[in-house]
Structures are given as C-alpha cells and as structure tokens.
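Student: I have a new protein model to look at today. Could you go through it with me?

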Amino acid sequence: MEQFEFHPYQKHPLSGEERQWNQLELGITQLTLNHDASTGRGTYLQRWEPNTSNQIQNFVHDYIEEIFIIEGDFRDLKGRRSGSGELIKGQDGDLWTKGSYAYRKPGMEHGPFKSEDGCLMFIVCTPVEKS
C-alpha cells in the first residue's frame, strides 16, 4: 500500500491523476483509494444508486472484507439478520443504515443485496495467508 497524508479523494495525491469510479454492475460503482498489487490489500469507496439490486446472488471470497456504511441504506435479500448473520428463510434481512459495520472472514457467504435509497460504503479487503 502506498503511504499518503490527507488529500482530496478524487485525485491521486502523488500523480495528481483523477481517480475513476468503475462500474461493477448496473447502478453499482467503485473507486479505488489504495491498492497493493503485490498483496491484494485494498481500500475502496463503493456507491449504490437508489433502487439497485446486485446481479450476483452469492458472494464468497478468500479475503477478509470490512464494510462501513457512510450514508444510505443496504439490505441482505436472503434474510440475514444483524450481528450473527442468521438466515431467516422467506424474509428480507435487516435494513442497515449509516454507521453500520460488517466484518466478513474468508468463505463467509453473503448477498444478494439491495439499496432502496442508495448508499456509499467504505470497504477494506485484506488477503489472508494460505496455509
């Protein structure tokens, strides 16, 4: 990871290049704040437009993922509850809003999701060493 002091997020602090929001799916964009290609660690802002649901029905990855909702709302459509992630079949999951936080270990199933009013999230992805 590159070391930066505070700076406007829209431009890379060393090169001055504009950072680009990249479309992940229709209505979902992501801005890379910092990424280390040698380790895979990265920090991102992810933005969901109002009334957006993702197309990927089940996420499972091999890294630790931490998410903090900066603004807006976010819901698990499979019925997972806050805290434990307990699955309640046949129901939508809890609605998470500004200030909500998730920590997911590698292999944890999650998604699909929906944002009714749109949301902005700060995401940290941290690889783990394979044994």
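**The largest pocket and its chain**

Tutor: Gladly! This is a predicted model. Its largest pocket has a lining of 21 residues, and those nearest the pocket's centre are Leu24, Gln30, Gln46, Phe59 and Glu65.

Student: Which element gives the largest share of the lining of the largest pocket?

Tutor: Five elements each give two or more residues to this lining: strands S1 (21-25), S2 (28-35), S3 (42-48), S5 (63-76) and S9 (119-127). The largest share is four residues, and the strand that gives them is S5.

Student: How many residues of each class are in the lining of the largest pocket?

Tutor: Start from the 21 residues that line the pocket. Sorted by class, they comprise three charged, five polar and, as the remaining class, nonpolar residues numbering 13.

Student: How much space lies in the largest pocket?

Tutor: Rolling a probe the size of a water molecule over the atoms shows where empty space is left. For the largest pocket, that space is about 360 Å³.

Student: How many helices and strands does the chain have?

Tutor: Reading along the sequence, you meet the pattern β-β-β-β-β-β-β-β-β. The count is therefore zero helices and nine strands.

Student: What is the radius of gyration of the chain, and why does it agree with a compact globule?

Tutor: A compact globule with 131 residues would have a radius of gyration near 14 Å, so the chain agrees with its value. For the chain, that value is 15 Å.

Student: What percentage of the residues in the chain is buried?

Tutor: Here, buried means under 20% relative accessible area. Of the 131 residues in the chain, the buried ones make up 34%.

Definitions and conventions: Residues are numbered from 1 along each chain as its sequence is written. This is a predicted model: local features need pLDDT of at least 70, side-chain atom pairs count only at pLDDT 80 or more; totals for chains, interfaces and linings use all residues. Side-chain values use heavy atoms; hydrogens and water are left out. On a 1 Å grid over the protein atoms alone, a cavity is a set of points where a 1.4 Å probe fits but cannot get out, and a pocket is an open set with protein on both sides within 12 Å along at least five of seven lines; lining residues have an atom within 4 Å of a point. Grid points are joined across faces, edges and corners, and a volume is the space filled by probe spheres set on the points. Ala, Val, Leu, Ile, Met, Phe, Trp, Tyr, Cys and Pro count as nonpolar, Asp, Glu, Lys and Arg as charged, and the others, Gly among them, as polar. The radius of gyration is taken over C-alpha atoms; the globule rule is 2.2 Å times the number of residues to the power 0.38. Buried means under 20% relative accessible area, exposed over 50%, partly exposed in between (1.4 Å probe, protein chains only).
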